[in-house]
Amino acid sequence: MTLATVLEILVQWALGSPVVRDALTKIATGHEDARKVLDVLPLRSKSAISARELSDADER
Amino acid sequence: MRGVLAIVMLLAASCRMPAAAPNGRAHVRAYVMALSAGVVVADELCATASLRLRDRTMALTCDNHYQSARKSLIAADEGIDAGSDYGCNIVRGVIAIQAMASTLRSRGVAVPGVVEDALSIADELTSVTKCELRDGA
């Protein structure tokens, strides 16, 4: 058995592991970062922007 | 007025939340994202309606509820990741989105499906989080 064969077996084993597959999927899809509430809800709301627009309009 | 009082009483409550099992945690995470989606849509509606109605008070009220929901849901999200208490932060998020929906309805604005869906899971959320709200804390 050559070194290349041993390495191939190790890689195949690692890819077959659910933990490794899960980690690779997360890296590939950016899953960990993509579904954060912080990204969905920006600091400044659209209501706040509207309030500012109405305030500016009143001043004019 | 009664609704406002109820919200104040609920917000002034203390709560505790045991760590959820992994399966429960996955469900709670999905709930939090559904609530966040509802908050986004409610905020957009508030912004549009307040401009149309030239109602600055409405816009400010919605922003106030938005900030409350945002703070609570971000804290809940972080709590889920850390495996720490998050139940009452979710409940506070629910209260905030309910307040946004009430503000919209009070101005004759129909609440869309994504917000209704977020509100419809509130009861289930309360049972999942086991957050016990008490007065004065």
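Reader: How much area do chain A and chain B bury between them, and what share of it is on carbon and sulfur atoms?
Author: Chain A and chain B bury about 2000 Å² between them, with 62% of it on carbon and sulfur atoms. Buried area here is the accessible area (1.4 Å probe) that two parts lose on being put together, summed over both. This is a predicted model, in which local features need pLDDT of at least 70 and side-chain atom pairs count only at pLDDT 80 or more, while totals for chains, interfaces and linings use all residues. Residues are numbered from 1 along each chain as its sequence is written, chains are lettered from A and ligands numbered from 1 in the order in which they are written, and side-chain values use heavy atoms, with hydrogens and water left out.

Reader: Which residues in chain A lose the most area to chain B?
Author: They are A:Val37, A:Leu41 and A:Leu54, which together account for 31% of what the chain A side buries.

Reader: And how many residues are in contact?
Author: In chain A, 19 residues are in contact with 25 residues of chain B; contact means heavy atoms within 4.5 Å.

Reader: How many polar contacts and salt bridges are there between chain A and chain B?
Author: There are 11 residue pairs in polar contact, both residues being at pLDDT 80 or more. A polar contact is a pair of N or O atoms within 3.5 Å; within protein, one must be able to donate a hydrogen and the other to accept it, and residues adjacent in sequence count only if both atoms are side-chain atoms. The count of salt bridges between the two chains is two, a salt bridge being a side-chain nitrogen of Lys or Arg within 4 Å of a carboxyl oxygen of Asp or Glu.

Reader: How many salt bridges are there over all chains?
Author: The structure holds seven over all chains.

Reader: Where do B:Asp81 and A:Lys36 lie?
Author: B:Asp81 forms a salt bridge with A:Lys36, their closest N and O atoms being 2.1 Å apart. B:Asp81 lies in helix α3 (residues 56-82) of chain B and A:Lys36 in the loop between α3 (31-34) and α4 (37-40) of chain A, so the pair joins two chains. Helices (H or I, at least four residues) and strands (E, at least two) are DSSP runs, numbered from the N terminus.

Reader: How accessible is each partner?
Author: B:Asp81 is partly exposed at 42% relative accessibility, and A:Lys36 is partly exposed at 23%. Buried means under 20% relative accessible area, exposed over 50%, and partly exposed in between (1.4 Å probe, protein chains only).

Reader: Which residues are linked with them in a network of salt bridges?
Author: The network links A:Lys36, B:Arg29, B:Asp77 and B:Asp81. B:Arg29 forms a salt bridge with B:Asp77, with the closest N and O atoms 3.9 Å apart. B:Arg29 lies in helix α2 (residues 22-53) of chain B and B:Asp77 in helix α3 of chain B, so the pair ties together parts that are 48 residues apart in sequence. B:Arg29 is partly exposed at 28%, whereas B:Asp77 is buried at 5%.

Reader: Turning to chain A, how many helices and strands are there?
Author: Chain A has five helices and zero strands. Buried residues make up 17% of its 60 residues.

Reader: Which salt bridge does A:Arg52 form?
Author: A:Arg52 pairs with A:Asp56, the closest N and O atoms being 3.3 Å apart. Both lie in helix α5 (residues 46-59) of chain A, four residues apart, about one turn of the helix.
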